[in-house]
Every structure is written in C-alpha cells, then in structure tokens.
Amino acid sequence: MQEMTSRERVEAVLRGETPDRLPVIPQSFLFSVRHSGFHIGQVNRDPAKMAQCHIACQDHFGYDGCVVDVDDASLAEACGAKVTYREGDVAAVDENSPILEDLRDIDSLHMPDPEKDARLPVWLETTERLLSAVGDHVFIMGRADQGPFDLLCLLRGAQNLMMDLIEEDEDVVHHALAWCTEAHTRFARAMLKLGAHATSMGDAYASPNLISPAMYREFAAPYEKKVAEAVRDLPGAYSIHICGNTNAIIEDMGRLGSDILEVDWQVDMGRARAAVPESVVLMGNLNPSDPMCTGAPETVLSQARALVGATKGRGLILSSGCALGENTKPENVAALVESAKRFGTREQLLELRR
C-alpha cells in the first residue's frame, strides 16, 4: 500500500478504513513548547510562537497531528473569570474568587465572541497558522477549550458547584449548563469554520473521579451531546476528552455523537472498544506520567503494543491518555511514534482482525 500522509492516515481511520499504519497524535502542546526552549507561560498569548513550537516538534518526531491547546482557563476568562498567569506554568482560573456567585446570575455574564474576546483569538490564530503551514499533510485539531460542565465549574468554583448539584433547584443548574453549552459551541463552531480538521472539548470535572455516573448522565452527558449535534453541519471531526477513570461511563460516552473519544490512561481500552461503536474513534491512552515521563522507551513500546492488541487497532489513534508534561522524555515520544511503525502496519492490523 502506498504510504499515506499524516492527515490522510488520520482521516482514513475517521472514515472507518484501515490506514497504511496507525496514526499517532500525542497531546503534546506543553511538550512541544518546552522542546522549542520555552515554557507555556511565555508563549500562551503569542500565536506565532505557539504555532512554530508545534511545527518544529511535529517535524522532529514525525507524529501525525497537532493538538492546539493552551490551558483550561481561556474560555472561562473570555466569560469574565479572573485568571492567574504564571511564566513557568499554564494560566489558571482563580476558583477562590469565582465570577459566578450564584447560578441564577448566569445570564449576567458575557457570552464570549471567539474572534474578539480574551485569548480565544490566540487559539484560532495558532490553528490558522498551522493549517496554512502544514495542514495539507498534518492533521490539525484546534481545541475549543472546556466543555459545558467544566466551564460551569470554573465560573462557579468546583466546590460550590458540587454543592449546587445537591442543594440548588435542578432547573437553575440546567439553565446554567445550557448557557455554558452555548459558549463552548460558539468556540467549537469558530474552530471548524476556520478549517480545523477537528475540534474538541475537555470536560474533566465530569469524570467519575469527581461526580457519580448518575450525575454525569443527568448534568454532563446531555450537554456534551448537544454540542456534538450543534457542530454536525460543519466539516471536520468533533472530539470529547474526559480525564480520569471513565470505565463506568464509557458506554454513555459512545452515544454522545462525537467522532472521537480521547480516553485517559486509567481506562481499559479493550473494554472501551467493545462498549463504543466502531464508528467512534478511540484516541489514547498511554499514561503521561509513567511511562511517558518517567519510564523507558521499551516500556512505551510494550504498552503501545498491548494497546493495539486489546483493540485490534480498530478505530484507534495512538496517543497519550492526557496532556504530556513539558518534562516528558523525548525518547519516549519517539518510541510512541515508532510503536505504530512496529506494531500497527496495515498488514499487522488485518492479521489481528482475522
């Protein structure tokens, strides 16, 4: 089979086809910045530098896609939240001083315009620069920052919202989540209209590590599904990432209507592949800490091989389970790319599926 470009490889998997080899898209925004000699806090308001870091890192290691991310504070900041900037780390929302003191005041907040407000234009311009420079052959996922449940946690303060889920009128909670759904949807649609090959949400606070599966089904899943439906008319794929151990909700996630589910390292990938329709691509799920940061390349290769075996490489993009730290060992990123060439060729995948 003729060798595919990186973009062709990813898009083949999204179509349900068997590529020349499995694609690799590490969540490498922090790592790529450090690889270029910066800390994220030095470039998180500079789209030219952000794009150049991605380009240089992707070119060096040869992985198949760039995930445009900056931090988890940008969309909340555009809604008016107070954000703390740190040169050596990501910007963070000050949840001790939440902008939303009462869920009933949600309509008083500013509904963000992705092309104008705070740093959302930085995300868009970074994505646009990548598309222009390498988008003909590299897959570009321009994230749309936080999903509805996460965004509400950041605006209200996570501890406050946990109490609201118990004590507040459910209609009030659902109205606030609908507002946050609109805010995220506007950003996601802006990314896809720009030409991003995919966009995505992070909804980490919706994980069973924090709320019960029943609460997830009531307060998070319906709004994640609404976003997936709201961007369906636009070209490009939509991805959902929920951190942590999502084994208890992975089947629910498979019914959200997204094209991709980004699966964290605590999830059993064989179980996930069996629970989720094959039309939904799984992206994951090596542990960003061990082996990617502290382990050895041999361990990365071994775990990636096991991952391919567990899923038979069906609808799979090899990736880290969550964002790679800036101190990730370069040799382990190289090993992740190498694992697809050793264990994920078209011939090997077809053999696994016999």
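**Entry 1: R255 and E251.** I looked up R255 first in this predicted model. R255 has a relative accessibility of 49%, so I recorded this residue as partly exposed. I then turned to E251, which forms a salt bridge with R255. I noted 3.6 Å between the closest N and O atoms of the two residues. E251 is also partly exposed, because its relative accessibility is 46%.

**Entry 2: a network of salt bridges.** I next looked for salt bridges that share partners. I found R9, D20, R21 and D64 joined in this way into one network. For the structure I entered a count of 24 salt bridges.

**Entry 3: R9 and D64.** I examined one pair from that network. R9 and D64 form a salt bridge, and their closest N and O atoms lie 2.8 Å apart. I placed R9 in helix α1, residues 6-14, and D64 in the loop between α4 (47-61) and β1 (65-68). The two residues are 55 residues apart in sequence, so the salt bridge ties together separate parts of the chain. I checked the accessibility of the pair and recorded both R9 and D64 as buried.

**Entry 4: R86 and D89.** I looked up a further pair. R86 forms a salt bridge with D89, with 3.9 Å between the closest N and O atoms. The cut-off for a salt bridge is 4 Å, so I kept this pair. R86 is partly exposed at 34% relative accessibility. D89 is likewise partly exposed, with a relative accessible area of 36%.

**Entry 5: cysteines.** I searched for disulfides and entered a count of zero. I asked why C57 has no such bond. The closest cysteine sulfur, in C66, is 8.1 Å from the sulfur of C57, which is too far for a bond. I recorded C57 as buried, because its relative accessibility is 0%. I also checked C243, which is in no disulfide. The nearest cysteine sulfur to C243 belongs to C322 and is 3.6 Å away. A disulfide requires sulfur atoms within 2.5 Å, so I did not count C243 and C322 as bonded. C243 has a relative accessible area of 21% and is therefore partly exposed.

**Entry 6: a negative patch.** I turned last to charge on the surface. I noted a patch of negative charge in which D169, E170, D171 and E218 gather. I followed D171 from this patch and located D171 in helix α9, which covers residues 170-194. Is D171 buried or exposed? I recorded D171 as exposed, because its relative accessibility is 61%.

Note on methods:
Residues are numbered from 1 along each chain as its sequence is written. This is a predicted model: local features need pLDDT of at least 70, side-chain atom pairs count only at pLDDT 80 or more; totals for chains, interfaces and linings use all residues. Side-chain values use heavy atoms; hydrogens and water are left out. Patches are made of residues with over 30% relative accessible area and no salt bridge: like charges are joined within 9 Å, nonpolar side chains (Val, Leu, Ile, Met, Phe, Trp, Tyr) within 5 Å. Accessible areas come from the Shrake-Rupley method with a 1.4 Å probe; for residues, only the protein chains shown count as cover. A salt bridge is a side-chain nitrogen of Lys or Arg within 4 Å of a carboxyl oxygen of Asp or Glu. Lys and Arg count as positive and Asp and Glu as negative; His and the chain ends are not counted. The place of a charge is taken as NZ of Lys, CZ of Arg, CG of Asp or CD of Glu. Helices (H or I, at least four residues) and strands (E, at least two) are DSSP runs, numbered from the N terminus. Buried means under 20% relative accessible area, exposed over 50%, partly exposed in between (1.4 Å probe, protein chains only).
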